[in-house]
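Me: I'd like a close look at one part of this model, the place where the ligand sits. Take me through it in one go, please.

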Amino acid sequence: MKGAHSQMKLLEDRILQDGQVRPGNVLKVDCFLNHQLDVDLLDKIGEEFYRIFKDDGVNKILTIEASGIAIACHFDVPVVFAKKAKSKNIDGDVYTSTVHSYTYGKDYNITLAQKFLGPNDRVLILDDFLANGKAMKGLLDVCNQAGCSVAGIGICIEKGFQPGGAELRAAGYKLASLAIVNEMSDDHLTFREQ
Ligand code: 5GP
């Protein structure tokens with residue numbers, strides 16, 4: 001991924017500066033990505049995903065609430081996000097899938113109205129983190145139910161020591177992770193060269 005380096009470097013530097021490693025291998029980045037949003041950084045992340053996937057025929061972006069939405073709004077195509085909470089407010093038929101949450105340690109359902117995703121869509125899936133790949137598996141399950149094609153998967157921070165990324169690459173997906181954490185501890189964090 002030539003040319004991607006400067007953007008990734010920006011994200012890597014920010015992780016080193018503001019990320020905190022929590023018990024259970026959780027990287028906390030709530031001051032720029034998961035709670036408070038650094039809009040300038042998110043713009044640059046969005047531009048980078050655009051650079052990587054602009055020639056892949058994407059006509060829709062699929063993500064999952066809440067953090068995914070912040071990085072998804074940079075293509076000139078609709079963004080649709082899977083909802084985590086059970087809502088009485090979703091019209092008509094829905095796709096659903098069950099996801100095991102890494103950070104909360106329990107299962108939850110994701111829901112997407114069928115009218116927003118179908119066989120004519122070519123989708124770029126975006127998310128903030130990739131760890132064991134369970135959230136992505138749920139989103140891919142929804143794509144499968146919709147009969148849409150998956151143009152690629154974009155991730156802000158992949159934890160390379162967990163198996164999700166390797167499995168998705170082995171399955172043949174075009175997966176771009178802007179920063180891949182090799183290893184992390186309280187006072188030490190390294191990134192994979194790419
Ligand atoms: P996976 O399903 O791949 O195991 O985990 C991905 C999902 O769990 C992401 O959508 C993200 O919300 C959450 N997640 C996994 N690992 C981390 C982490 O280290 N830090 C944060 N903030 N979220 C994580």
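How many nonpolar, polar and charged residues are there in the shell around the ligand?

Reply: Bear in mind that this is a predicted model. By class, the shell splits into 7 nonpolar, 5 polar and 4 charged residues. That shell has 16 residues, and the closest to the ligand are Leu27, Ala131, Asn132, Gly133 and Lys159.

Three of these names come back when you look at N and O atoms. Leu27 uses its backbone: an N or O atom there lies 2.7 Å from a nitrogen atom of the ligand. Ala131 also comes in through a backbone N or O atom, 2.8 Å from an oxygen atom of the ligand. With Lys159 it's the side chain, where an N or O atom is 2.8 Å from an oxygen atom of the ligand. As for cover, the ligand taken alone exposes 500 Å², and the protein buries 90% of that.

Now for the elements behind the shell. Strand E2 (26–28), strand E7 (122–130) and helix H5 (134–146) each supply at least two of its residues. E7 gives the most, with 4 residues.

Zooming out a little, the ligand sits in the largest pocket, which has a volume of about 910 Å³. There are 31 residues lining this pocket, and the closest to its centre are Lys84, Ser101, Thr103, Tyr104 and Asp128. E2, E7 and H5 turn up again among the elements that give two or more residues to the lining, along with helix H2 (30–34), helix H4 (67–72) and strand E5 (94–100). Here too E7 has the largest share, 4 residues. By class, the pocket lining divides into 14 nonpolar, 8 polar and 9 charged residues.

Two backbone details are worth a look while you have the model open, both in loops that lead into elements you've just met. Most residues other than glycine have a negative phi, and most peptide bonds are trans. Asn25 has a positive phi, near 60°, though it isn't glycine, and it is found in the loop between strand E1 (20–22) and E2. The other detail is the peptide bond from Glu65 to Ala66, which is cis, with omega near 0°. Ala66 is found in the loop between strand E3 (60–64) and H4.

Key: Residues numbered from 1 in each chain as written. Predicted model: local features only at pLDDT ≥ 70, side-chain atom pairs only at ≥ 80, totals over all residues. Heavy atoms only, no water. Near = heavy atom within 4 Å. Polar contact = N/O pair within 3.5 Å; in protein donor to acceptor, adjacent residues only side chain to side chain. Areas by Shrake-Rupley, 256 points an atom, 1.4 Å probe, with all protein chains shown as cover. 1 Å grid on protein atoms, 1.4 Å probe; cavity = no way out; pocket = protein on both sides within 12 Å on 5 of 7 lines; lining within 4 Å. Sits in = over half its atoms within 2 Å of the grid points. Nonpolar A, V, L, I, M, F, W, Y, C, P; charged D, E, K, R; others polar. Points joined across faces, edges and corners; volume = space filled by probe spheres on them.
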